[in-house]
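This report introduces a protein chain to a reader who has not met it before. Please look over the sequence and the structure below before reading on.

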Amino acid sequence: MKIRYKPTGQTAGILSALVLFTFLATVVSAQTNLPSPANWISNPSFETGSADCPVDWFFANQQETTTGGWTNASAHSGSGGARITGQTGLSFGRWMTPYRMYLEPGKRYRVSFWYRGNGAGVHLIGHPVTLDANGSFQVNLYNNYKRVIASGLSSASWTYFETNFVASGSGIWAQLCLVMETGNKTAEFDDVAIARPGLVVIDPIAPAVTALGMTNSIVVYCDTLRTNDLSTVDWSIDSTNLTLRSVALDTTNRTWTLGLEATAAGVADLTLRATPDGGSLITNRLARFARVRPGTGGPFAFAVVADAQIYQSVASERNERFGQMAASLNALDPLFAISLGDQMDESAGLWDEEKIMIADAGRTQFGRLACPLFALPGLHESDRFYEGSQTRWYHEKYLKRPAYFSLEVEGTLIAGVDTTPVGAAERESGGGFLRLGQAEWLAAVLGSYTGRLPIVAGHVAPYDEFGAEADRDLYLGLLYTNRVRAVLAGHRHETLDQGIRNPAVDGQTSPPWSSNLTTLADAAAGIAMLADPSNTVFLTTVTACADLQGAATFRGYRYLLVRDQQIAWQDVLPLSLSVTCSSSAPNTVTFHLTNGSDKAVSGLPLHVELPAGVASAELNGSPLVVQATTLPGGRQEVWAQADIGTNMTAEVVFRSSDPLYTLTDFESGTAEGWLGGTDFPDTILSIVSGDTPDASTYALKVTLDTPTGQSYLTKLFSPAMDWSTYTHLRFWTKSPQPTYTAWIRLNNQVNVNYHDQILSPLTWTQVSIALTNFIGVNQSTVTEVSPRWTGDQWTNGAAILFDRFELYNDMLTDSDGDGIPDAWELKHGLNPSVSNSATANVDGDWMTDYEEYIADTHPTNGDSFWPPLLLDDISNILFTGTSTARIYRLSSTTNLTAVPQFWQAASGPSPGNGGTVTMPIVLDVPWRAYRGSVEVP
């Protein structure tokens, strides 16, 4: 149901004019600083680099008489700027980006820079590209592209230049050139920017890890909207896990902050949408933007991947290995994964087109992971000039990954840092701690952390091939003085776990730091050393799928379990360990594990989400210890750990009752187990004497009614349970003798629900009793289930056996698999054994039988259907004829022409009351369309 309205006393024409006036009157300075993530240019202000050249820039001259300089004297801001100096004649020089930016056809780009001197200009040069049928870029090396952004600029003082252009034709991969025309001139440049089109995420660049009910902020920038204000842009999102709650505008930095509430658990994809008045819809889809935990508390697991070195998109050994890893990780379902660098293959000496191919291949392969990915920089490049850009530009700009990140989960801090050489920096091999401001950032993150378990991750460990001693000492000082417990690293393509007693614990505050590390024999030794907060443990992980080095004999990834701010388990899992996961019922999840000969794994953590109840797990039929954490909505997260030997196939089955209760064997004092199917232990319930249970303690008891009426069995259900969620009591019974009859007594009423002779005395028979008439308002009433003897005598060898008493809700049973529960079909005159097709419509109204079930209307009554919404005095929408068994929501949109349409929550959820449900609407824009929805709770 869609509703369009206009505020009272205003006309659409007047409102449109007012909005247009506001838009034109909002002026933002052309010199507004562009947030770094929104700038295509890496190192735009020439702040980072070696003595020879700045990072991600190189100088090319047409005549040797032209020289390029990078000095503080040429800086408009900061500590560096670029200069080109020529002499008389054909001298011509240019500072160039060693990478090519992709310019999408039809997109608007804004180029800006500061210059000083004579003959300054900016060009874009490159090659056109097309997309093939597989979505890969095809570069046309035979056609050249050149666009002159500016030329012949001259100014004795620093001057700002800005212009816009729209990329036309096919897509273009283009390098930016800062040029000086021929002659005896000098041109200087600084603070260069090419604004990326569309909505660009400023913060967080790394994924978010949050919990239900929490609101997280996402800050975005859009160059198209830098002159807009709050009243001239409609914002919405598309996500099954997040709901947009607020929008704010920073008028100084022209960034927009969106408040997103986590409303559903799972991995959240997110599409941002902004529609300016009089403009077109602008979108940005963010895959795996966040992980929403169903609740707070409880353990969590995360994975660590190192040195994948993906190099091509087509089928290859590395891609096949990575696919094996991704499949097992997706089954294990860690909260998130960290890639420690070297996602892309080494590219020194490669042309830019090949780097594009490698980056696209890495994006594709890592996109196979279902969990959010935190990817750190990596890849060691030795070419200072044309090929020296992959570490920085492709990682941060093209693949949109952060240089470093931090997140805190259940009090545990994980900080990722860049410990690799940066582009064409002065250190071409080994690790470095070079990022401008990174040391200060890490010191602030660790210094403000108040928990017990700080973990730091980086590509190169500080004791392993760090190229600069000063960097290593700085890094180690931050780790030790902030009591970092675990340091995760890659780089070696082999596993090496080492530990040391933290020198800062003994009062050391400055280098030299000891290198007297203890090599740990196995994963268990690592756990033991990690348990002591006085230690720092360095865990280096073997390559995931690339070439092996050192003593490595298998490829794999590290898996860690964190509980109560303690690394409770960690190990490197081999690729030969295959893990798959399937579910045969809502309360049953099965892991299938097949291990090769590489390595046995002791205590592998597995977890599932199940309905609330009594949880259990079995490894090849043998019980495992489980730990359960209660979640909202009647759910629980259940953990178990399993030992998987080499060359072993295992099946781990998790189950949850609804809930499951079992009788007690009074002879052995142990509880009967649920073995599955109807194969239960042949335990004869002994006759024991005892007092009748107190009604305030027990809501249901099992009694054994002897001829003397003096004996009871007292395995009982608590009255504190929410009995309204259960519809039936179910149990299994059999007798060694064919002459016995099972009787049921509820609330002291004999034979009220079940009286049936056991025709197959040696077979377990299922008995189901409806609880509607017996368990309700007075939950403290003792309800008995009693086998009653009708023969001549009782003996231990001639008794009626009972097992597996459970309470359950049959509203979820769907015998014909048509999505409509049996109980609902029976109630409304449908056949639960005959599937209703997707178009079945018994009463011929506008709703199918399945839609009638969702709305809880009558499928055999043509006058019973989902009613239209009503508008009540322009301030409320009325849902009429609601069902007390359904939930109702209201959503809205301001754009009905968008394809596809996107709606956001306006009101609800509200339970039905059998009559009219009223939901308010807000008159905040010229018009909105509203629609209602109904759902099964």
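Which residues have the most contacts inside the largest nonpolar core?

## The nonpolar cores

The model is a predicted one, and in it the largest nonpolar core holds 54 residues, where Phe302, Phe336, Ile338 and Tyr475 have the most contacts. Helix α6 gives the most to this core, contributing five residues. Beside this core there is a second, separate core of 48 residues, which includes Ala337, Tyr557, Leu561 and Leu606.

The surroundings of Phe302 can be given in detail: leaving aside residues up to four places away in sequence, Phe302 touches Pro334, Phe336, Ile338, Ile455, Leu488, Arg558, Tyr559, Leu560 and Val562. Phe336 and Ile338, which are among these partners of Phe302, are also among the residues with the most contacts inside the largest core.

## The chain as a whole

The secondary structure of the chain comes to nine helices and 53 strands. The chain has 937 residues, of which 54% count as buried, and the chain exposes about 38,700 Å², with carbon and sulfur atoms supplying 49% of that area.

Among the contacts in the chain with a separation of 6 or more, 71% are accounted for by residues that lie 24 or more positions apart.

## Helices α5 and α6

Helix α5, which covers residues 438-448, and helix α6, which covers residues 469-481, have axes that come within 10 Å and cross at roughly 10°. Angles under 35 degrees count as roughly parallel, and α5 and α6 are therefore roughly parallel to each other.

On the α5 side the contact is made by Ala439, Leu442, Ala443 and Leu446, while α6 brings Leu474, Tyr475 and Leu478. Taken by type, the residues of this contact of α5 with α6 divide into seven nonpolar, no polar and no charged. Tyr475, named here on the α6 side, is also one of the residues with the most contacts inside the largest nonpolar core.

## Gly603 in strand β33

Gly603 is found in strand β33, which spans residues 601-611, and Gly603 is buried, with a relative accessible area of 9%. Not counting residues up to four places away in sequence, Gly603 touches Trp569, Gln641, Ala642 and Asp643. For one of these partners, Gln641, a separation can be given: the C-alpha atoms of Gly603 and Gln641 are 4.7 Å from each other, although the two residues are 38 residues apart along the chain.

## Cis peptide bonds

Two peptide bonds that lead into proline deserve a careful look. The bond from Pro511 to Pro512 is cis, with omega near 10°, and Pro512 is found in the loop between β26 (496-501) and β27 (518-519). The bond from Gly908 to Pro909 is likewise cis, with omega near 0°, but Pro909 lies in a strand, β51, made up of residues 904-911.

## Positive phi values in loops

Gln309 has a phi near 50°, a positive value in a residue other than glycine, and this residue lies in the loop between β19 (300-305) and α2 (317-332). Residues under 20% relative accessible area count as buried, so Gln309, at 6%, is buried.

Asp342 also has a positive phi, near 55°, and is likewise a residue other than glycine. Asp342 lies in the loop between β20 (336-339) and α3 (352-366), and at 3% relative accessibility Asp342 counts as buried.

Definitions and conventions:
Residues are numbered from 1 along each chain as its sequence is written. This is a predicted model: local features need pLDDT of at least 70, side-chain atom pairs count only at pLDDT 80 or more; totals for chains, interfaces and linings use all residues. Side-chain values use heavy atoms; hydrogens and water are left out. Axes are lines fitted to C-alpha atoms, for helices over the stretch in contact, and angles run from 0 to 180 degrees between N-to-C directions. Helices (H or I, at least four residues) and strands (E, at least two) are DSSP runs, numbered from the N terminus. Angles under 35 degrees count as roughly parallel, over 145 as roughly antiparallel, 65 to 115 as roughly perpendicular and the rest as oblique. Contact means heavy atoms within 4.5 Å. Ala, Val, Leu, Ile, Met, Phe, Trp, Tyr, Cys and Pro count as nonpolar, Asp, Glu, Lys and Arg as charged, and the others, Gly among them, as polar. A nonpolar core is a set of buried Ala, Val, Leu, Ile, Met, Phe, Trp, Tyr and Cys residues joined through side-chain atoms within 4.5 Å. Buried means under 20% relative accessible area, exposed over 50%, partly exposed in between (1.4 Å probe, protein chains only). Accessible areas come from the Shrake-Rupley method with a 1.4 Å probe; for residues, only the protein chains shown count as cover.
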